[in-house]
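Student: I should like to learn how burial and helix packing are read from a set of coordinates. Could we work through one example together?

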Amino acid sequence: MKRLSLIAMALVVSGLVACNQASAGGSFNQQARLDNLEKDFKQVKEEFEIIKYALDKRGISLEQARAEMEADNKVWDIPDEDSPVFGNTKNPKLTIVEFTEFQCPYCSRIAPAMQELNKKYPNEIKFIYKHFPLSFHSNAKAAAAASIAAQKQGKFWEFRYALAPHSRELGDSIYLAVAKEVGLNIEQFKKDMVLDSAMSARIDKDFQLGVKVGVQGTPNFYINGKRQDRFSPDLVEKMLKETK
């Protein structure tokens, strides 16, 4: 309602100014301007009522909608820290941070597209992977630990994309099979993939960062620090063209 009050005030102020100017002449033009302003005000009021109706249907207030808008427009400084990083790490045109996990079917489906972007734009884009295992995916955290074990041998990205198709069948036997597939030292991998307190803390650190920056599910993408609700390779292509 504050916005409506401001508009109404603007209308009154404009009317007073117009009246003062009309007293000095040009009343016809001033009346036309007033008529147009009143028409615009009616349209804004109608649109506001439609927006308010839509928000009520969603069960949220104007204040909540404003908070959502501010969160969507916020640019976050997301640190690399010890996360896997691929591509241009010095002066990328785009930095894409992916909060994701291995048991999520949607994450599995987007993985090939991410791999294609890795291959296509290693000189233009910096890719950062953040672990965000959802609590109702019982195997997601262990899979994250296995990927960190692969990272310790310098083959996180190979392991990540080889494991992606197995989101429905995660387990130690799958992790070991994928580790062999990408050429890891298996004995070292077995030691490093243990989900102990230190490993759990490493994964939780990513998760808490995700919560802080507004991750609400997986996968969630941030491009140059801004959350993208409708992430797609086409969006990336478009943003790359706009940077040229």
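Tutor: Let us begin with a cut-off: a residue is buried under 20% relative accessible area, exposed over 50%, and partly exposed in between. Please keep in mind that this model is predicted.

Student: How does proline 112 count on that scale?

Tutor: Proline 112 has a relative accessibility of 49%, so this residue counts as partly exposed. Proline 112 lies in helix α4, which covers residues 105-120. Between proline 112 and alanine 164 there are 8.4 Å from C-alpha to C-alpha, although they stand 52 residues apart in sequence.

Student: How should the packing of two helices be described?

Tutor: Two packed helices are described by the angle between their axes and the distance between those axes. Here, the axes of α4 and helix α6 (residues 156-163) come within 9 Å and cross at roughly 145°. The crossing of α4 past α6 is left-handed.

Student: Which residues make the contact?

Tutor: From α4 come Ala111, Met114, Gln115 and Asn118, and from α6 come Trp157, Arg160 and Tyr161. By class, this contact has four nonpolar residues, two polar and one charged.

Student: What span does helix α2 reach, and which span is expected?

Tutor: Helix α2 (residues 27-58) has 32 residues; from its first C-alpha to its last it reaches 46 Å, close to the 46 Å expected at 1.5 Å a residue. Gln30, Phe48 and Leu55 of α2 are buried.

Student: What phi is found just after α2?

Tutor: Glycine 59, just after α2, takes a positive phi of about 80°.

Methods. Residues numbered from 1 in each chain as written. Predicted model: local features only at pLDDT ≥ 70, side-chain atom pairs only at ≥ 80, totals over all residues. Heavy atoms only, no water. Helix = DSSP H or I, 4+ residues; strand = E, 2+ residues; numbered from the N terminus. Buried < 20%, exposed > 50% of the residue type's maximum accessible area, 1.4 Å probe, protein only. Axes fitted to C-alpha atoms, helices over the stretch in contact; angles between N-to-C directions. Left-handed = near helix turned anticlockwise from the far one by under 90°. Contact = heavy atoms within 4.5 Å. Nonpolar A, V, L, I, M, F, W, Y, C, P; charged D, E, K, R; others polar. Expected span 1.5 Å × (residues − 1).
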